[in-house]
Amino acid sequence: MGLTPSPSPDDVNLEHVLPRTIADLSDWPDFNEDSASNYLGRLGNLAIYSSKENSMIGNVPFEDKKKEFAKSSFLTTSEITKYNKWNQQAIDDRQAELAKLASKTWPLQ
């Protein structure tokens, strides 16, 4: 069993749930410019996603992204749909979940 989501690195990439470019902060009401900048690159804000779908999803609000994530074949991505809103607490919680998963996947020797 491999730990690679796809044998081709061109098939998948990382999607920023809170986007790198926010056209309208009202689409992300729980963030201001500073908090968005602070949470943007956190592991909890990143999702493995199909490169093709990622190019089409764009910088839409969370509710729209959530609908697309529900269709994802990547479990850690589709689980994002359990969050009612995407805010700092959601990113922190997801990051903690991913850390637990990482420690189970790659235990210390």
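This report covers the fold, the salt bridges and one charged surface patch of a predicted model.

**Overall fold**

The protein contains 5 helices and 2 strands. Read from the N terminus, the elements follow the order β-α-β-α-α-α-α. Of the 109 residues in the protein, 34% are buried.

**Salt bridges**

The structure holds 5 salt bridges. Side chains of opposite charge can pair when their charged atoms come close. Three of the bridges in this model are listed here, with the distance between N and O atoms.

| Basic residue | Acidic residue | N to O distance |
|---|---|---|
| Lys65 | Glu15 | 2.5 Å |
| Arg42 | Asp92 | 3.1 Å |
| Lys71 | Glu68 | 3.3 Å |

Lys65 and Glu15 form a salt bridge whose closest N and O atoms are 2.5 Å apart. Lys65 belongs to helix α3 (residues 62-69) and Glu15 to strand β1, so this pair ties together parts that are 50 residues apart in sequence. The side chains of Glu15 and Lys65 are also joined by a polar contact of 2.5 Å. Lys65 is buried, with a relative accessible area of 0%. Glu15 counts as buried because its relative accessibility is 5%, and buried means under 20%.

Arg42 and Asp92 meet through their side chains in a salt bridge of 3.1 Å, N to O. Arg42 sits in the loop between α1 and β2 (46-50), while Asp92 is part of helix α5 (residues 88-105), so this bridge ties together parts that are 50 residues apart in sequence. With 30% relative accessibility, Arg42 is partly exposed. Asp92, at a relative accessible area of 29%, is partly exposed.

In the bridge between Lys71 and Glu68, the side chains meet at 3.3 Å, N to O. Lys71 is exposed, with a relative accessible area of 62%, whereas Glu68 is partly exposed at 30%.

**Negative surface patch**

Asp24, Asp27, Glu63 and Asp64 form a negative surface patch. One of these residues, Asp27, lies in the loop between β1 (12-16) and α1 (33-39). Is Asp27 buried, partly exposed or exposed? Its relative accessibility is 32%, so Asp27 counts as partly exposed. A patch residue must have over 30% relative accessible area and take part in no salt bridge, and the value of 32% for Asp27 is in line with that cut-off.

How values were computed: Residues are numbered from 1 along each chain as its sequence is written. This is a predicted model: local features need pLDDT of at least 70, side-chain atom pairs count only at pLDDT 80 or more; totals for chains, interfaces and linings use all residues. Side-chain values use heavy atoms; hydrogens and water are left out. Patches are made of residues with over 30% relative accessible area and no salt bridge: like charges are joined within 9 Å, nonpolar side chains (Val, Leu, Ile, Met, Phe, Trp, Tyr) within 5 Å. Accessible areas come from the Shrake-Rupley method with a 1.4 Å probe; for residues, only the protein chains shown count as cover. A salt bridge is a side-chain nitrogen of Lys or Arg within 4 Å of a carboxyl oxygen of Asp or Glu. Lys and Arg count as positive and Asp and Glu as negative; His and the chain ends are not counted. The place of a charge is taken as NZ of Lys, CZ of Arg, CG of Asp or CD of Glu. Helices (H or I, at least four residues) and strands (E, at least two) are DSSP runs, numbered from the N terminus. Buried means under 20% relative accessible area, exposed over 50%, partly exposed in between (1.4 Å probe, protein chains only). A polar contact is a pair of N or O atoms within 3.5 Å; within protein, one must be able to donate a hydrogen and the other to accept it, and residues adjacent in sequence count only if both atoms are side-chain atoms.
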